Amino acid sequence: MSVTPTLAARAADLSLQHLEKRYGSIIALKPLSIDIPAGTFLTVLGPSGSGKTTVLRLIGGFSEPTAGRIVLGGEDITELPIFQRPCNTVFQDYALFPHLNVSENVGYGLSVRGRPKSEINTRVEEILTVVGLQKMAGRAPSQLSGGQRQRVALARALICDPRIMLLDEPLAALDAELRHQMQEFLKAQQRRSGITFLFVTHDQQEAIGISDLILVMRGGVVEQVASPRDLYYRPQTHFVASFFGENNLIEGTIASRQGDEVCIDTKLGSFVAANPNGCTVGQRASMAVRPESFTVQPDAGKPPNSKTAINGVIHDTSFSGSATRVTVRVASGLLTTTVASDRNKGALHTGDKVILQWSPGDAIVVAADDTIAGELK
Ligand code: ADP
Ligand code: MG
């Protein structure tokens with residue numbers, strides 16, 4: 001049996017329009033506008049205190065916006081009470097009823113809605129099959145593992161046919177392996193049901209693996225909304241470039257610009273990049289190159305005389321199976337590159353003089369942000 005048809009039939013477009021939340025002088029969420037296509041797995045990613053839970057609570061109706069509107073499938077739901085919203089929320093702590101067994105926990109939402117017992121039994125059986133817990137129906141929550149309890153919480157939310165699932169760091173309490181299993185499971189559930197999942201996490205690896213779209217937050221502000229790949233290779237702000245995955249950032253000043261090609265002067269040399277992100281001549285900025293976008297070659301003794309290369313000395317290498325991570329000491333600090341181990345074949349050693357090269361299209365420029373530490377001067 002499958003629940004797919006009933007869930008898939010409820011596609012919706014969620015539109016947040018200048019949504020804002022203040023607590024006195026604290027701005028938990030600065031005006032946020034976004035249209036989320038139906039059936040999207042959207043992850044809200046950001047450090048603690050950045051406003052992720054605030055976004056979810058506003059959509060779920062657990063708190064009222066200071067300004068702005070929430071529109072679902074063309075209908076303004078900003079003023080609707082929680083129980084009238086077609087959303088279901090799964091919190092980090094699961095919040096199962098300890099005195100009810102698995103079936104009773106899962107069927108709770110339908111029984112408070114006064115659905116007939118036969119319908120509830122059928123739906124509970126369907127959903128428990130979907131989440132792989134049909135053999136656990138009679139158990140108490142205390143007789144389940146963390147991952148099983150989390151699946152009960154998910155089943156309990158799915159059974160009410162939500163148009164939108166709101167998940168606030170639901171995997172944070174699980175160990176690494178179980179977390180990974182549950183990520184796969186959540187993604188599979190979202191794909192098969194076709195409903196929109198809004199998933200909150202502070203873990204960027206988790207976000208990369210699970211999402212169609214990621215909304216990156218910092219200090220109540222949305223920094224960027226993009227696919228995992230675009231966030232990784234096309235960050236638009238310094239914060240996204242440094243928070244999302246490993247990156248090499250070199251500080252400098254924009255010296256010239258022709259179309260999309262910019263030249264940036266840094267203490268390590270003048271370099272070209274093909275993604276200026278709106279930076280203008282004279283502006284302080286940083287060039288960002290991902291570790292895997294560098295190629296590393298032996299330094300034949302000559303300076304590279306190139307706007308896409310840096311000389312350095314290998315500081316350390318670490319083998320991790322398919323890839324070898326190489327840190328290279330340059331004049332002002334360390335840069336990191338990764339080399340496919342089968343191409344390296346043990347040829348790179350600590351102390352070797354090397355040249356790191358990149359293509360301009362792989363170099364991104366982002367405006368300087370003095371609140372972020374840790375880049376090369
Ligand atoms: P996150 O989920 O990203 O950790 P939150 O959305 O919970 O962040 O909080 C965002 C900001 O709003 C934080 O600075 C937090 O302290 C503040 N905040 C959240 N709830 C309240 C509240 N009820 N009263 C006052 N400030 C709050
Ligand atoms: Mg939170």
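Which residues of β8 lie on one side and which on the other, and are they buried or exposed? In this predicted model, Thr196, Leu198 and Val200 lie on one side of β8, Phe197, Phe199 and Thr201 lie on the other, and all of them are buried. Both faces of the strand are therefore covered, where buried means under 20% relative accessible area. In a regular strand the side chains alternate between the two faces of the sheet.

## The protein as a whole

The protein has 377 residues, and 49% of them count as buried. Its secondary structure consists of 10 helices and 20 strands. The C-alpha trace spans about 80 × 45 × 35 Å along its principal axes. Among the contacts with a separation of 6 or more, 68% are made by residues 24 or more positions apart.

The accessible surface amounts to about 17,300 Å², and carbon and sulfur atoms contribute 50% of that area. As for charge, the protein carries 37 positive and 37 negative side chains. The centres of these two sets lie 2 Å apart.

## Strand β8 and its partners

Strand β8 covers residues 196-201, and 6 of its 6 residues are buried. The table sets out two strands that pair with β8.

| Strand | Residues | Sense of pairing with β8 | Bridges |
|---|---|---|---|
| β3 | residues 41-45 | parallel | 5 bridges |
| β7 | residues 164-168 | parallel | 5 bridges |

Phe199 appears in both pairings. Thr43 has Phe199 of β8 as its bridge partner, and Leu167 stands opposite Phe199 in β8. From β7 the chain passes through helix α6, residues 176-193, before it reaches β8. This β-α-β crossover is right-handed.

## Gly312 in strand β16

A second site of interest is Gly312, a residue of strand β16, which comprises residues 309-320. Is Gly312 buried or exposed? Its relative accessibility is 7%, so Gly312 counts as buried, the limit being under 20%.

Which residues does Gly312 touch, leaving aside those up to four places away in sequence? They are Val328, Arg329 and Val330, together with Asp352, Lys353 and Val354.

Gly312 can also be placed relative to Gly132. These two glycines are 180 residues apart in sequence, and their C-alpha atoms are 54 Å apart in space.

Key. Residues numbered from 1 in each chain as written. Chains lettered and ligands numbered in written order. Predicted model: local features only at pLDDT ≥ 70, side-chain atom pairs only at ≥ 80, totals over all residues. Heavy atoms only, no water. Helix = DSSP H or I, 4+ residues; strand = E, 2+ residues; numbered from the N terminus. Buried < 20%, exposed > 50% of the residue type's maximum accessible area, 1.4 Å probe, protein only. Contact = heavy atoms within 4.5 Å. Areas by Shrake-Rupley, 256 points an atom, 1.4 Å probe, with all protein chains shown as cover. Lys, Arg positive; Asp, Glu negative; His and termini not counted. Charge placed at Lys NZ, Arg CZ, Asp CG, Glu CD. Pairing = 2+ DSSP bridges. Right-handed = clockwise from strand over helix to strand, strands pointing away.
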